[in-house]
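These are my notebook entries from a session with one structure. I wrote down each item as I looked it up, and I kept items together where they concern a common part of the chain.

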Amino acid sequence: MYLDLVERWIVRTTGRTLDQHAADPVPAAAAFPASADQLRLAREVLLTAVDELRTLLINGDDLNSSPTVLAGRLDEISGHVSDYHGARIHLDRLITDPDRTGHVATNPVQPVRRRYVNPGDTVLIVLPHHDYLRKQKIAGRAVRAQINTADVELDPAEFPGPVRLAHGIAGIYRDRVEDRLYHLRASGERRISRR
């Protein structure tokens, strides 16, 4: 499986992959995939801005334009550094979260496997332990869900009225390499019981 720089850093720091964190029954762990995506994006934007500044200097464009051009680029980079810093702080908070670290200390790493899905599929998923889902008292529950392009619709037979959740909240993730959606199951789990 391909691991990018952010995920490799998370594995080295925590001893668990993003998929393993996502499957842990702790809100901080469930928030790892979205937080990692936020850090990835912040790094990418910052790297692009730094590359553009480097190209501007190498080509001498800073000498052939107004002195404010360089200052403007540096201000832009400063803003991207702030975004990166915020994303990194958020991820660091998840890493040091006492509930998450307590869970890790008392529970071995659970192997998980990906089950790929497509928009239009109706599948049985286990809702992750996000704070929002815990407040709704449905975290960890196995539910039938229709996978849509941008969200998930929970089975109307189980929930009054239409209930739609964003992919990440519902435990539907995007494989960045294959550009496919998937949900997670604990390896060896033969059957998911409904609550």
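**Entry 1: around A22**

I began with A22 and listed its contacts beyond four places in sequence, which are A29, A30, P33, P128, Y173 and L184. I noted at this point that the model is predicted. A22 belongs to helix 2, which spans residues 18-23. I then looked up its accessibility: the relative accessible area of A22 is 6%, so I count this residue as buried, the limit being under 20%. I also checked the separation between A22 and L184, and found their C-alpha atoms 8.2 Å apart although these positions lie 162 residues apart along the chain.

**Entry 2: the sheet that holds strand 7**

I next asked which strands pair with strand 7, and in what sense. Strand 1, residues 112-117, is joined to strand 7 by six bridges and runs antiparallel to it, while strand 6, residues 173-175, pairs with strand 7 over three bridges, also in the antiparallel sense. Together they make an open sheet of three strands in the order 1-7-6. Strand 1 and strand 6 are the edge strands, each pairing on one side only, and the twist from one strand to the next averages 50 degrees.

I wrote down some of the residue pairings as well. R115 is opposite H183 of strand 7, R174 is opposite L181 of strand 7, and Y173 has Y182 as its bridge partner in that strand. For the connection between strand 6 and strand 7, I found a hairpin with four residues between the two strands, and in its turn D179 has a positive phi of about 55 degrees. Is strand 7 mostly covered, or mostly open? Strand 7, residues 180-186, is mostly covered, with five of its seven residues buried.

**Entry 3: rings in this sheet**

A search of the whole structure for aromatic pairs returned two. For Y173 and Y182 I noted ring centres 5.8 Å apart and planes at 45 degrees, so I entered the pair as tilted. Both of these tyrosines, Y173 and Y182, are buried, and with Y116 they form one aromatic cluster. I also found a charge over one of the rings: the charged end of R114 sits over the ring of Y182, at 4.0 Å from the ring centre.

**Entry 4: the four-stranded sheet**

I turned to the other strands and found an open sheet of four, in the order 2-3-4-5 and with antiparallel pairing. Here the edge strands, each of which pairs on one side only, are strand 2 and strand 5, the latter covering residues 164-166. The average twist from one strand to the next is 40 degrees. Strand 4 and strand 5 are linked by three bridges in the antiparallel sense, and within that pairing I recorded L165 in strand 5 as the bridge partner of V152.

The loop between strand 3 and strand 4 holds N148, and I wanted to know whether N148 is buried or exposed. Its relative accessible area is 16%, so N148 counts as buried. When residues up to four places away in sequence are set aside, N148 touches P119, E153, R164, H167 and L181.

**Entry 5: the nonpolar cores**

Which residues touch the most other members of the largest nonpolar core? I found I125, L127, I147, V152 and L154, out of 17 residues in that core. Strand 2 (122-126), strand 3 (142-147) and strand 4 (151-154) are the elements that give two or more residues to this core. Its largest share, three residues, comes from strand 3.

I followed L154 further: without its neighbours within four places in sequence, its contacts are L127, I138, V143, R144, A145, F159, V163 and L165. Another core lies apart from this one and has 14 residues, among them L18, A31, A36 and L91. I added one general remark beside this entry, that in soluble globular proteins nonpolar side chains tend to be buried together.

Key: Residues are numbered from 1 along each chain as its sequence is written. This is a predicted model: local features need pLDDT of at least 70, side-chain atom pairs count only at pLDDT 80 or more; totals for chains, interfaces and linings use all residues. Side-chain values use heavy atoms; hydrogens and water are left out. A nonpolar core is a set of buried Ala, Val, Leu, Ile, Met, Phe, Trp, Tyr and Cys residues joined through side-chain atoms within 4.5 Å. Buried means under 20% relative accessible area, exposed over 50%, partly exposed in between (1.4 Å probe, protein chains only). Contact means heavy atoms within 4.5 Å. Two strands pair if DSSP finds at least two bridges between them. Rings of Phe, Tyr and Trp (its six-membered ring) pair if their centres lie within 6.5 Å; planes under 30 degrees apart count as stacked, over 60 as edge-to-face and the rest as tilted. A charge sits over a ring if NZ of Lys or CZ of Arg is within 6 Å of the ring centre and within 35 degrees of the ring normal. Axes are lines fitted to C-alpha atoms, for helices over the stretch in contact, and angles run from 0 to 180 degrees between N-to-C directions.
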